[in-house]
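Trainee: Got a minute? I'd like to go through this one with you, starting with the charged side chains.

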Amino acid sequence: MVKFSKELEAQLIPEWKDAFVNYWQLKKNVKKIKLARKPKHVPDSNCGFFGRPVIDPVRILVGKVSEWANNGRDKPEIIQVKSKISGGEEEDGEDEFQLYETELVQLFSEEDEVRVFFEKLDDELNKVNRFFKTKEDEFVERGELLNKQLQILVDLKGVLSDRRRKNLAGKGGAAASGFVSRSDSDFSDCRSEHCESPSDSQTDDAVSVEKRGVNSVNSPRRSKSRKGKPNTAAAMRIDIPATTPARTIAAVTSMLWEDLVNNPKKGGGGDDVNRKKIQCAEKMIRGAFVELYRGLGLLKTYSSLNMIAFTKILKKFDKVSNQQASASYLNVVKRSDFISSNKVVKLMDEVETLFTQHFANNERKKAMKFLRPTHHKESHMVTFFVGISTGSFVTLFILYAILAHLSRMFSPATKQAYMETIYPVFSIFALLSLHLFMYGCNLFMWKSTRINYNFIFEFQPSNALKYRDAFLICTSLMTAVFGAMVIHLILLSKGIFSRQVDFIPGILLLCSVLILICPLNIFYRPTRYCFLRVIRNIVCSPFYKVLMVDFFMADQLTSQIPLLRHMESIACYFISGSFKTHRYQTCKSGKLYGELAYVISFAPYFWRAMQCARRWFDEGNPDHLANLGKYVSAMVAAGARLTYTRQPSQLWMVIVIVTSLVATVYQLYWDFVKDWGFFDRKSKNLFLRDDLVLKNKGIYYVSIALNFVLRLVWVETVIGLNIGMLKTRMLEFFLASLEVIRRGHWNYYRLENEHLNNVGKFRAVKTVPLPFREMDSD
């Protein structure tokens, strides 16, 4: 049977961990009571045989007699729990909360351990009540706001539907249609004939809602035009976030125009009512309802887990103290807000009803699939295939090494041609597989330490990649790569001309690209499409709104510049037809190839800098501009190192050292202070932060040293070891692998810090912006 402490730790909400009952501390207090009540051994002269006091049987008999005598009588209360109202306008404007305080009577009042236990228990009960009340009020307020937003949406869709009917009926039938006022209380009775299906991928036109008795957003007196017809859009504005390039350009153009003219044209609000904006608004409100329902579910779980925790700890106290104190205290717990309040259940029922009516075409089953997505259970088949793929990969690697040695493929006569053909392809897939392996390790560590990475990245738990899946993709990819390399080597050893077999690496790359963009629901299609969507957002920076997953992936690309350079080499190799002529210097001697090398080296840093600029534009935080400077310094250092490798001179070596040192110091400061949250002067942990997920502090100090060392691998560029082509290529691959390992190591602490920030703010539910707001009076 699993202990409740482990069950509680596994089920509690990570972001609200500090708001839960401190069950572990209360267990320690109960243990102290047990130790204090344990009789101490005192030598007694009146001992009978075997050292047992002679009067012990008499004490036991007297105790049993008194117990029998008390049977049938009402036992007096040994604790009294009193409550009082705290907060209100007289105390810093806080809301009113019920505070509980326990008074001990009889013998308990003389035991300090019992007094400390109940003081701690009262503190925990008050903490749980206060947090629950705060979150309950927050969700209720959010629900009321969403109710109003949904009413506005239905009204606007009715206006749009009425316009369409007027356009179809002509001017003659326009006078027959009108509006009848409807109060806010009748909102729940409004009927929709057609509602949009709750699907994220839906791109169809918003179906108009045909209904009778629709009033405009404002009162009829405010919203009527000169002709007496309601004009909803005249007093409302639809704020659609600039998440796409078109919206971003339109927002910037509108802002510049307003700043230039300083007098927005009157009546412009009427243009806000159109089909596309209503579609976007409907999707935003639908997402807000889903997040509200999720938050209410978390709050309900919070209430039930805390109730069980109070019950368990009071039973432990009764067992240790040989008294029945749990019944009276549990009655107080059951009357407290976090148990007695039914606002959460009522609001959940209301959300289910509204969502089913307006977003699921009155199909409850469809609505529940959206509100309560099912989580796929992890299959042991994935682990089985990981084992098979790993064994196949190791076998093929050993076979390849033996065949390469027997065929003398790395001899001076053949190694140049072979390295120019195979090395870039091998490096691409090897570095990619290593990155996937590190990501799988990250997923495993995040899950083990209960870091909610799905919430941080805004992944759907049903489709999110698990660590076993990442390992399966990694091992399967390397198995396919070494299988192709073994086939290529066998064909070469049989005397087949290299011109006829050098297309094998190209076929391998082509198959990989086809699998990546395959529209069929196979090979982790949600993950593949999510990856493509994120890459699109990165490449098109700063036109897309920057999310956590976007700049996290962009940071990964800054560590994969060697992979991008190899992709450039392979593209040139196959496009120019060098695989037929084996003229390997065709690409490297070209001027365009050299200029593209700078572009590819700059691109990841440029994309990341543009993301920082976009975040500064959206949030106005100057830290994003400072972060932009970090990537600019990295671009300068990368350009200097690339120039030095082509034009080695004393001057360029000095420039490389200076720019690289500046960029490294800048990056180390940002890694440790901003990304990881370390080196807090006020922290109780030396050179670290107050909150740490890992229990062993030494791991953090080792990680700081490791990240510092791996940030200095650029020194090899200055040294410029002359060790031959094969060893040089192997050294380049080794250094590129170290950077990938450093990035995977950096990933864990970056997300740990982000998770602790969410925990500190009790942020467990995403805040979805709402589309409708009233226009300014001017």
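**Charged pairs and the overall picture**

Mentor: Sure. Start with Lys127, which makes a salt bridge with Glu124; their closest N and O atoms are 2.9 Å apart. Keep in mind that this is a predicted model.

Trainee: Where do Lys127 and Glu124 lie?

Mentor: You'll find the two of them in helix H4, three residues apart, which is about one turn of the helix.

Trainee: Okay, and which side chain does Lys120 meet in a salt bridge?

Mentor: That would be Glu124 again: the side chains of Lys120 and Glu124 meet at 3.1 Å, N to O. Glu124 also pairs with Lys127.

Trainee: How are Lys120 and Glu124 placed along the helix?

Mentor: They're four residues apart in helix H4, which covers residues 112–169, so about one helical turn separates them.

Trainee: Is Glu124 buried or exposed?

Mentor: Buried, because its relative accessible area is 4%, and the cut-off for buried is under 20%.

Trainee: What about the two lysines?

Mentor: Lys120 is partly exposed, with a relative accessible area of 24%. Lys127 counts as partly exposed too, at 27% relative accessibility.

Trainee: Let's move along the chain. Which residue does Glu363 form a salt bridge with?

Mentor: Lys366, and the closest N and O atoms there are 3.7 Å apart. That still makes the list because the cut-off is within 4 Å.

Trainee: How accessible are Glu363 and Lys366?

Mentor: Glu363 has a relative accessible area of 38%, so call it partly exposed. Lys366 is partly exposed as well, at 28%.

Trainee: Which residues do shared salt-bridge partners join into one network?

Mentor: Look at Asp671, Arg711, Glu739 and Arg742: salt bridges that share partners join them into one network.

Trainee: Nice. How many salt bridges does the count come to?

Mentor: The count is 22 salt bridges.

Trainee: Switching topic: how many helices and strands are in the protein chain?

Mentor: There are 29 helices and four strands.

Trainee: And what share of the residues is buried?

Mentor: Of the 778 residues in the protein chain, 43% are buried.

Trainee: What about the area that the protein chain exposes?

Mentor: About 43,800 Å² is exposed, and carbon and sulfur atoms supply 59% of that.

Trainee: Last one: what share of the contacts with a separation of 6 or more comes from residues 24 or more positions apart?

Mentor: That share is 75% in the protein chain.

Methods: Residues numbered from 1 in each chain as written. Predicted model: local features only at pLDDT ≥ 70, side-chain atom pairs only at ≥ 80, totals over all residues. Heavy atoms only, no water. Helix = DSSP H or I, 4+ residues; strand = E, 2+ residues; numbered from the N terminus. Buried < 20%, exposed > 50% of the residue type's maximum accessible area, 1.4 Å probe, protein only. Contact = heavy atoms within 4.5 Å. Areas by Shrake-Rupley, 256 points an atom, 1.4 Å probe, with all protein chains shown as cover.
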